[in-house]
Amino acid sequence: MPSASCDTLLDDIEDIVSQEDSKPQDRHSSRRQVVPKVRRRNTQIFPEENSPPSDSTIPGIQKIWIRTWGCSHNNSDGEYMAGQLAAYGYKITENASDADLWLLNSCTVKNPAEDHFRNSIKKAQEENKKVVLAGCVPQAQPRQDYLKGLSIIGVQQIDRVVEVVEETIKGHSVRLLGQKKDNGKRLGGARLDLPKIRKNPLIEIISINTGCLNACTYCKTKHARGNLASYPIDELVDRAKQSFQEGVCEIWLTSEDTGAYGRDIGTDLPSLLWRLVEVIPEGAMLRLGMTNPPYILEHLEEMAKILNHPRVYSFLHIPVQSASDSVLMAMKREYCVADFRRVVDFLKEKVPGITIATDIICGFPGETDEDFQETVKLVEEYKFPSLFINQFYPRPGTPAAKLEQVPAQVKKHRTKDLSRVFHSYSPYDHKIGERQQVLVTEESFDSKFYVAHNRFYEQVLVPKNPPFMGKMVEVDIYESGKHFMKGRPVSDAKVFTPSISKPLAKGEVSGLAQEFRRRLGAASSVPPTSAASPRAALQGLHQDPALRVAVGLALLALLLAFLVKVYT
């Protein structure tokens, strides 16, 4: 086997010529002995091929299945990745077995979510699927054994998902885990104006910031999302405007901690919210995401005014996690139970009927029976209509995982006890007989009803009447359950349409493609006799980078379609 590298260095290309090789003059003289030979034309007819060679790969024509676990921030990332891939030419499919590649967008909050993620990777490999991994699990711990050799797209690199998928389809392993920075300052993430496929065309999820300012001892998400990095207000307002122009009637603001928004860029959450309500169409609604108690305490007066606004749901998710100060200290939550009570009591007084949702962790290391009973009393007192009860899971690499653990049986027992308390009261019975305005946005899991929400973001089930979808409807409440009410549409009530444009079809790509079509349509509306029309179009391309990208994507899609036609 010859050596892969030379034993000695070559000073010049001529050093390659050996003593046995013919000299230039010899080659020149030998040309006189060459007798020209007539070549016969190759008349062999090859059968037309119906498909590309087996060793060739044309990116942009494969089917991709996307699975997302976790929070609304993660879901928004998944929608952006789907939109970019579809804009490039890939087909997004809901049939996993039919897909060529699986894009698995993970959540690292709890062990079960990561277990599902790991099992999906194993299943994909068993079915010989190409795999790209995304989300918080590979971002936080990319060197885990079960991730070896697999492509990874980091949480701040989702704008490069097409590159990663393309290389993975070619058989390469690619990992992009870096942070977005501008002059050394960390950014909130990828651009907000990227193509996107909304899971629900009526709902836009906007991530206002990434990361947080805390260092909770149980949290693995911090390892993935990092410290706080906020998007500028103008970019968020522009994204909201674009969403409404695409038929959206409900916006969710999300992040790891919405209350901390803007602290890194010299602004705050109320400033953002006042700008956003200015652009919300009549009848459309805004829902705020989770905020930790320390950061909303500074803005209680302004937040109460905003939560009373007719286009903002009177709803806020404020995790308490425990009603024991000693447990909160061990968690490094940076507030005490009195702070939480102050926030909730103030908002309940100033925003009548407000829905307060909260989270509780059962069995955190060091939690005593007395600590747990304090939490039970808090739930019994406030009777939270929306309560997320979580058994503690030690996440690898977190400080809490190194502490002495509460026995598993005790954790399970406490979780069941708190669940019994939660199910002991009915939060909506007193609302039977009320007449409410509700916004209809989706279908129930059992497909028997449409799902709507009243101004307190309480779930109201209404009849499946297609004209109701995406509309504000007046209903009479006639029944209630633990998590819902049922409403009967008022016979003489008007159905109000909050959307200022027709919603996109399910699976349709939003963003740059729509902007490109709008501007192209505007250019084509100019009379053809005008000599300035093509010049104006070219000038628009020159001045607008986003439009140039859109045109590039459109031309690329046409090229790919041509190649597919040639090979098929």
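Two strands are said to pair if DSSP finds at least two bridges between them. That criterion underlies the account of the hairpins given below for this predicted model.

**Overall composition**

The chain contains 17 helices and 21 strands. Of its 568 residues, 49% count as buried. Among the contacts with a separation of 6 or more, 74% are between residues 24 or more positions apart. The area exposed by the chain is about 29700 Å², and carbon and sulfur atoms supply 53% of this area.

**Strand β18 and its two partners**

Strand β18 covers residues 450-453. On one side, β18 pairs with strand β17 (residues 435-443) in the antiparallel sense, over four bridges. Strand β19 (residues 459-462) is likewise antiparallel to β18 and is joined to β18 by four bridges. Each pairing forms a hairpin, as the table sets out.

| Hairpin | Residues between the strands | Turn residue with positive phi |
|---|---|---|
| β17 and β18 | six residues | Ser-447, near 65° |
| β18 and β19 | five residues | Tyr-457, about 55° |

Individual positions of β18 can be matched to its partners. Ala-452 in β18 stands opposite Val-440, while Tyr-450 stands opposite Val-462 in β19. Tyr-450 and Ala-452 point one way from the strand, whereas Val-451 and His-453 point the other way. Are these four residues buried or exposed? All of them are buried, and because buried means under 20% relative accessible area, each of the four falls below that limit.

**The internal cavity**

A search of the whole structure for cavities of 30 Å³ or more finds one. The space in the largest cavity comes to about 130 Å³. Its lining is made up of 16 residues. Those nearest the centre of the cavity are His-73, Asp-77, Ile-158, Ala-190 and Tyr-231.

Which element gives the most to this lining? Helix α2, which spans residues 72-88, does so with four residues. In chemical character, the lining residues divide into six nonpolar, seven polar and three charged. Under the grouping used here, Ile, Ala and Tyr count as nonpolar, Asp as charged and His as polar. The residues nearest the centre therefore include nonpolar Ile-158, Ala-190 and Tyr-231, charged Asp-77 and polar His-73.

Terms used
Residues are numbered from 1 along each chain as its sequence is written. This is a predicted model: local features need pLDDT of at least 70, side-chain atom pairs count only at pLDDT 80 or more; totals for chains, interfaces and linings use all residues. Side-chain values use heavy atoms; hydrogens and water are left out. On a 1 Å grid over the protein atoms alone, a cavity is a set of points where a 1.4 Å probe fits but cannot get out, and a pocket is an open set with protein on both sides within 12 Å along at least five of seven lines; lining residues have an atom within 4 Å of a point. Grid points are joined across faces, edges and corners, and a volume is the space filled by probe spheres set on the points. Helices (H or I, at least four residues) and strands (E, at least two) are DSSP runs, numbered from the N terminus. Buried means under 20% relative accessible area, exposed over 50%, partly exposed in between (1.4 Å probe, protein chains only). Contact means heavy atoms within 4.5 Å. Accessible areas come from the Shrake-Rupley method with a 1.4 Å probe; for residues, only the protein chains shown count as cover.
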